[in-house]
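Trainee: Could you take me through one part of this protein up close? I'd like to look at the strands and the core they help build, and I'm happy with a long answer.

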Amino acid sequence: MTTMSPNDNQAFFAHPSAIIDDGAVIGDGAHVWHFAHVCPRAVIGRGCVLGQNTLVAQGVRIGDNVKIQNNVAVYEGVELEDDVFLGPSCVLTNVSNPRSQVSRKAMFEKTLIRRGATIGANATVICGVTIGRYAMVAAGAVVTDDIPDYALIIGVPGRQRGWVSRHGHPMRLENPGAVVRCPETDLRYTLEHHARFHCLDIEEDAPLPVPLATGMVPYRQLNSRKSDRAGNS
Ligand SMILES: CC(C)(COP(=O)(O)OP(=O)(O)OC[C@H]1O[C@@H](n2cnc3c(N)ncnc32)[C@H](O)[C@@H]1OP(=O)(O)O)[C@@H](O)C(=O)NCCC(=O)NCCS
């Protein structure tokens with residue numbers, strides 16, 4: 001077991017109460033906070049944040065700049081691409097039909113959370129699904145199926161309620177081929193063939209330009225329910 005203090009000459013920070021097992025790999029600039037546990041063979045990318053009381057199970061692969069909020073366990077079978085955000089106390093799973101009497105350790109089911117996706121606070125992801133790039137799962141939702149890129153998923157069971165921009169704003173399309181702009185950034189988006197929502201200005205796998213990487217306007221200032229309803233009535 002290795003623990004590190006802020007004064008150790010390490011390329012990442014780990015709070016002294018964190019447990020980092022031998023054989024875990026943690027990227028430069030990462031922060032591992034109080035009581036986190038990183039198991040052997042876990043690989044965590046650069047600039048990640050593991051909040052208080054998080055677990056990264058053995059062999060789990062996590063990309064760069066992933067933010068994991070407090071009380072989240074990333075179990076075997078789960079893979080997180082770059083820039084994923086896991087909200088506080090969200091639940092990831094790895095067996096669909098768990099039974100205490102039946103060991104399924106050799107057959108954990110895969111869940112892939114793709115680049116830039118967000119899982120809201122207290123949401124649950126049933127294993128075996130792929131969550132698309134920049135998808136947004138609302139707080140408390142239960143994900144049971146694959147989710148397309150940029151989809152907004154709300155409720156129990158989770159249902160798609162529209163699309164969101166890379167900055168997490170609802171994108172309302174007048175018609176499927178329309179071009180819509182994110183109110184915060186002016187980036188343009190469209191829906192192709194009734195299925196593929198994507199950004200016209202920045203490739204999904206390209207990093208955000210630095211000026212767009214800091215929030216500029218609070219969510220409710222652009223998306224207040226009252227103004228939405230007035231506009232839609
Ligand atoms: C997804 C989210 C951004 C939507 O917020 P919003 O703009 O207030 O949503 P809307 O006003 O467009 O709501 C649309 C509908 O969904 C409902 N709704 C919104 N969020 C919901 C949620 N989390 N669960 C269930 N229903 C929800 C609204 O009541 C509304 O219902 P109606 O059409 O019957 O009136 C927000 O719910 C959310 O979950 N954000 C994530 C917060 C989080 O987990 N942060 C973690 C970091 S601290």
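Mentor: Sure, and keep in mind that this is a predicted model. Let's begin with a small open sheet of 3 strands, ordered β14-β17-β20 and paired in parallel. β14 (91-92) and β20 (142-143) sit at the edges with a single partner strand each, so one side of each has no neighbour in the sheet. Take β14: 2 bridges tie β14 to β17 (residues 124-125), and the two run parallel. If you want a pair to find on screen, look for Leu92, whose bridge partner in β17 is Val125.

Now zoom out for a moment. The protein chain has 2 helices and 26 strands. Its radius of gyration is 19 Å, close to the 17 Å that the globule rule gives for 233 residues, so the chain is as compact as a globular protein of that length. Along the principal axes, the C-alpha trace spans about 60 × 45 × 30 Å. Buried residues make up 32% of the 233 residues. Take the contacts with a separation of 6 or more: 18% of them join residues 24 or more positions apart.

Next, the core. The largest nonpolar core has 52 residues, and the ones that touch the most other members are Val32, Val38, Val56, Val74, Ala135 and Val137. Several strands feed this core: β12 (78-80), β13 (85-86), β19 (136-137), β21 (151-154), β22 (159-164) and β26 (196-199) each supply at least two residues. The largest share, 3 residues, comes from β21. For a feel of the packing, click on Val56: leaving out residues up to four places away in sequence, Val56 touches Val38, Cys39, Ala42, Ile44, Leu50, Ile62 and Val74.

Let's stay with β21 and see who its partners are. β19 pairs with β21 in the parallel sense over 2 bridges, and Val137 stands opposite Ile153 in β21. That is the Val137 you just met among the core residues with the most touching members. β21 is also joined to β22, this time by 3 bridges and in the antiparallel sense. There, Ile154 stands opposite Arg159 in β22. β21 and β22 make a hairpin with 4 residues between the strands, and Gly155 in that hairpin takes a positive phi near 100°.

Another hairpin is worth a look: β25 and β26, with 3 residues between them. His193 in the turn has a positive phi of about 55°. β25 (residues 188-192) and β26 run antiparallel and are joined by 4 bridges; in one pairing, Tyr189 has Cys199 of β26 as its bridge partner. In a regular strand, side chains alternate between the two faces of the sheet. With that in mind, look at β26: Phe197 and Cys199 make up its covered face, while Arg196 and His198 make up the uncovered one.

Last stop, the ligand. There are 13 residues around the ligand, and Gly87, Gly120, Ala121, Ala138 and Ala139 come nearest. Sorted by class, that shell holds 7 nonpolar, 5 polar and 1 charged residues.

Notes. Residues are numbered from 1 along each chain as its sequence is written. This is a predicted model: local features need pLDDT of at least 70, side-chain atom pairs count only at pLDDT 80 or more; totals for chains, interfaces and linings use all residues. Two strands pair if DSSP finds at least two bridges between them. A residue is near a molecule or strand if its C-beta atom, placed from the backbone, lies within 6 Å of it. Ala, Val, Leu, Ile, Met, Phe, Trp, Tyr, Cys and Pro count as nonpolar, Asp, Glu, Lys and Arg as charged, and the others, Gly among them, as polar. The radius of gyration is taken over C-alpha atoms; the globule rule is 2.2 Å times the number of residues to the power 0.38. A residue is buried if 20 or more other C-beta atoms lie within 10 Å of its own, exposed if 12 or fewer, and partly exposed in between; C-beta atoms are placed from the backbone. Two residues are in contact if their C-beta atoms, placed from the backbone, lie within 7 Å. A nonpolar core is a set of buried Ala, Val, Leu, Ile, Met, Phe, Trp, Tyr and Cys residues joined through C-beta atoms within 7 Å.
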